[in-house]
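Me: Got a minute? Here's the thing I wanted to go through with you.

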Amino acid sequence: MTSTPPPTFEVRWLAVGDEALAARAMHDVLDDEPRGLEDGWLTDPRVHFVVALVEGAPVGVAYGHTLPLPDGRIEMLLYSLDVIEAYRRLGMGRALVTAFLERTRALGFDELWVLTDPDNEAGNATYRSVGPPSSHETSVMYTWDASPPPPGAAAEG
Ligand SMILES: CC(C)(COP(=O)(O)OP(=O)(O)OC[C@H]1O[C@@H](n2cnc3c(N)ncnc32)[C@H](O)[C@@H]1OP(=O)(O)O)[C@@H](O)C(=O)NCCC(=O)NCCS
């Protein structure tokens, strides 16, 4: 019996000029059509965006942001990590997080951090597989909607 070998993949950092590939990655992997890409999001030096490509097509995405702190330290937040379902368990998630850790070190930043749900088995397994973290804690996240109310909506409060 012959089995199909797993697809080989390339990890590629995106930069200015890669907006079309970034938009395709957002659409194909995250099912998102972010307006920010047209507005220069990728030109912001605090934005870091890496993709996993199979035969040139994006199947995995990780993006994050530089966070300058008042004490002069700089941290990297890995904000989003996703791999298309059909391409999971092939090492792409780990490769994308590893790329983030390597970039964080190469840029001389102090720390890379990421949030995930304690119940997210795949997310937790992926982050653990990158290597032992310097710390690991369970936090509670609070979020407030700060977008302006739609025109005509009754004011609350
Ligand atoms: C999390 C996610 C990105 C992992 O991507 P992936 O390409 O499948 O991960 P990898 O193949 O690189 O796996 C890395 C490690 O995690 C393990 N792992 C991955 N998915 C797992 C699962 N569902 N259950 C248990 N272990 C899992 C792998 O076995 C591997 O461990 P190993 O090195 O000990 O073999 C993917 O499952 C995903 O996109 N999930 C939805 C979005 C999400 O939850 N994002 C992360 C949280 S913010």
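Me: How do H2 and H3 lie to each other?
Reply: H2 and H3 are oblique to each other (an angle that isn't under 35, over 145 or 65 to 115 degrees). Helices here are DSSP runs of H or I, at least four residues, and strands are E runs of at least two, numbered from the N terminus. This is a predicted model, where local features need pLDDT of at least 70, side-chain atom pairs need 80 or more, and totals for chains, interfaces and linings use all residues. Numbering starts from 1 along each chain as its sequence is written.

Me: And what's the angle?
Reply: About 55°, with the axes 9 Å apart (lines fitted to C-alpha atoms over the stretch in contact, angles from 0 to 180 degrees between N-to-C directions).

Me: Which residues make the contact?
Reply: H2 brings Gly93, Arg94 and Val97, and H3 brings Thr126, Tyr127 and Ser129 (C-beta atoms, placed from the backbone, within 7 Å).

Me: OK, the ligand. What's closest to it?
Reply: Arg88, Gly93, Ala122, Gly123 and Ala125, out of 18 residues around the ligand (C-beta, placed from the backbone, within 6 Å).

Me: Which elements give two or more residues to that shell?
Reply: Strand S4 (74-83), H2 (92-106) and H3 (121-129). H3 gives the most, six residues.

Me: Switching to the sheet: what's the strand order?
Reply: S1-S2-S3-S4-S5, an open sheet with mixed pairing (strands pair if DSSP finds at least two bridges). S1 (10-14) and S5 (111-114) are the edges, each with a single partner strand, so one side of each has no neighbour in the sheet.

Notes
Two residues are in contact if their C-beta atoms, placed from the backbone, lie within 7 Å.
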